[in-house]
Amino acid sequence: MSDAMVGILFGFFGALWFGTAPIFVRLGLRYMRISTGTLVSMVGAFLVVGAIAVSLHYEEMLTLPLTIFGWFALLGLINYPLGWFLNFRAVQLAGVARITPVLATSPLWAMLFAVIFLDEVPGLLTFIGALSV
């Protein structure tokens, strides 16, 4: 199987698991505040992903330039606390069925930011695919 096909499969399963997240958020927020739910979610994810990353790529991590860690630290500050907090609040206020289509606009934002900040030029099929989501 080609790398592209493996990437597409990973993307599909990632979307599948992300699709279950709002359900768990809605259920969990019945019993806790949004800030607590965000913190629990982030700590759990950090522990699981951290353990996997360190166990599989410890030596590689030691050779990476510090600037790379800076970019991921910025991602960690913006995406996870703020993004998940707003996501959880949106689900709490409007429900899963209403918010999921709004959250599904993220490919459009990612594509727009890639064009603006990374000078990427998406092809016609990429553009059509992003719009179809």
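How many residues does H3 have, and how far does H3 reach from its first C-alpha to its last? Hi everyone, let's start there. Please keep in mind that what we are looking at is a predicted model.

H3 has 29 residues, and from first C-alpha to last it reaches 40 Å. At 1.5 Å a residue we would expect 42 Å, so the two values are close. Now follow the helix along on your screen. At Gly 83, H3 bends by about 25°. Four residues of H3 are buried: Trp 84, Asn 87, Phe 88 and Val 91. Look at that numbering for a moment. In an α-helix there are 3.6 residues a turn, so residues three or four places apart point the same way. What do the buried residues of H3 pack against? They pack against H1, H2 and H4. Just after H3 comes Gly 95, with a positive phi of about 90°.

Next, the pockets. If you have not met this idea before, rolling a probe the size of a water molecule over the atoms shows where empty space is left. The largest pocket here has a volume of about 1400 Å³. It is lined by 29 residues, and those closest to its centre are Asn 79, Leu 103, Ser 106, Pro 107 and Ala 110. Which helix gives the most to this lining? That is H3 again, with ten residues. H1, H4 and H5 also supply at least two residues each. As for chemistry, the lining of the largest pocket holds 23 nonpolar residues, six polar ones and no charged ones.

The second largest pocket takes up about 780 Å³. Of its 21 lining residues, Phe 46, Val 49, Gly 50, Phe 72 and Tyr 80 lie closest to the centre. Here H2, which runs from 34 to 63, gives the most, with twelve residues. H3 supplies at least two residues to this lining as well. By class, we find 17 nonpolar, four polar and no charged residues around the second largest pocket.

One last stop, and it is a fun one. Most residues other than glycine have a negative phi. Asp 119 is not a glycine, yet it has a positive phi of about 55°. You will find Asp 119 in the loop between H5 and H6. Is Asp 119 buried or exposed? Its relative accessibility is 64%, and the cut-off for exposed is over 50%, so Asp 119 counts as exposed.

That's my tour, thanks for listening!

Conventions
Residues numbered from 1 in each chain as written. Predicted model: local features only at pLDDT ≥ 70, side-chain atom pairs only at ≥ 80, totals over all residues. Heavy atoms only, no water. 1 Å grid on protein atoms, 1.4 Å probe; cavity = no way out; pocket = protein on both sides within 12 Å on 5 of 7 lines; lining within 4 Å. Points joined across faces, edges and corners; volume = space filled by probe spheres on them. Nonpolar A, V, L, I, M, F, W, Y, C, P; charged D, E, K, R; others polar. Bend = angle between axes of the 7 residues up to and from the residue. Buried < 20%, exposed > 50% of the residue type's maximum accessible area, 1.4 Å probe, protein only. Contact = heavy atoms within 4.5 Å.
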